[in-house]
Amino acid sequence: MHYGNNKPKYIRYAIYVAVIVIAAILQNSPGGIPEVLGARALVILPACVSIAMFEREIAAGVFGVVAGCLWDVSSGTDGNNAFVLLVVCAVCSLLISHFMRNNVLTALVLGSGGIVIYNFARIIFDIWLEGAGISLKQFFTFYFTSGIYTLAFVPVFYFIVSWIYNSHKTADE
């Protein structure tokens, strides 16, 4: 059985992994991306949302898990990022496949939703389940500003992933 020439797809997937690794390095290394008002940009999230917008659900979920595992390993967290990115990427891919058009405005909407889901999950998993409280000041000085800062990277990753996808399409895509 011959399934066609999938070489461009495999090259595209390898480039996506490189984008995720570079985003993880920039996000988790000191001086990679500067802090603004005490908040850090979580650039793995917009990279994953952008990749999910161009891939099918299974591939998007796999990239979400890979990026989440890399994020967990490189930042020393306890494994919640892989689960959250799996859900965010699969949902983004499903929404693009069935209900939304793939453009930069949609990327901003889905990126915003992904940021809200991630921050909410982080508050639930890391703060409430560990017994530590969260103050309103902490929410606005870190989570909210970090979300806004992260949202600024969504168009950048959208255009990078769009170029990668269009440069390495298979005949049936």
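Which helix gives the largest share of the nonpolar patch? Before selecting anything, keep in mind that the structure open in the viewer is a predicted model.

**First stop: the surface patch**

Select Val65, Phe83, Leu86, Val87 and Val91, and display them as a surface; together these residues make a nonpolar patch of about 360 Å². Helix 4, which spans residues 80-98, contributes the largest share of this patch, namely four residues. Now pick out valine 87 by itself, a residue of helix 4. Valine 87 has a relative accessibility of 34%, and therefore counts as partly exposed, since the partly exposed class lies between the 20% and 50% limits.

**Second stop: the nonpolar core**

Hide the surface and turn to the interior, where the largest nonpolar core holds 41 residues, among which Tyr16, Ile44 and Met53 touch the most other members. To see where the core comes from, colour helix 1 (7-28), helix 2 (44-54), helix 3 (57-75), helix 4, helix 5 (104-128) and helix 7 (154-167), for these are the elements that give two or more residues to it. Helix 2 supplies the most, with nine residues. Then centre the view on isoleucine 44 and show what surrounds it: once neighbours within four places in sequence are set aside, isoleucine 44 is in contact with Ala23, Ala24, Gln27, Asn28, Ala67, Trp71 and Leu85.

**Third stop: the loop between helix 1 and helix 2**

Select arginine 40 next, which sits in the loop between helix 1 and helix 2. Because its relative accessible area is 30%, arginine 40 is classed as partly exposed. If residues up to four places away in sequence are not counted, arginine 40 touches Gln27, Asn28, Ser29 and Glu35, and also Phe142, Ser146, Tyr149 and Thr150. Of these partners, tyrosine 149 is worth a distance label: 109 residues separate it from arginine 40 along the chain, yet the two C-alpha atoms are 7.2 Å apart.

**Last stop: serine 146**

From arginine 40, move across to serine 146, which belongs to helix 6 (residues 136-151). Is serine 146 buried or partly exposed? Its relative accessibility is 1%, so serine 146 counts as buried, the limit for that class being under 20%. Show its side chain and draw a line from its polar atom to the backbone oxygen of arginine 40, which lies 2.7 Å away. Apart from residues up to four places away in sequence, serine 146 touches Ala39, Arg40 and Leu42.

Definitions and conventions
Residues are numbered from 1 along each chain as its sequence is written. This is a predicted model: local features need pLDDT of at least 70, side-chain atom pairs count only at pLDDT 80 or more; totals for chains, interfaces and linings use all residues. Side-chain values use heavy atoms; hydrogens and water are left out. Patches are made of residues with over 30% relative accessible area and no salt bridge: like charges are joined within 9 Å, nonpolar side chains (Val, Leu, Ile, Met, Phe, Trp, Tyr) within 5 Å. Accessible areas come from the Shrake-Rupley method with a 1.4 Å probe; for residues, only the protein chains shown count as cover. A salt bridge is a side-chain nitrogen of Lys or Arg within 4 Å of a carboxyl oxygen of Asp or Glu. Buried means under 20% relative accessible area, exposed over 50%, partly exposed in between (1.4 Å probe, protein chains only). A polar contact is a pair of N or O atoms within 3.5 Å; within protein, one must be able to donate a hydrogen and the other to accept it, and residues adjacent in sequence count only if both atoms are side-chain atoms. Contact means heavy atoms within 4.5 Å. A nonpolar core is a set of buried Ala, Val, Leu, Ile, Met, Phe, Trp, Tyr and Cys residues joined through side-chain atoms within 4.5 Å.
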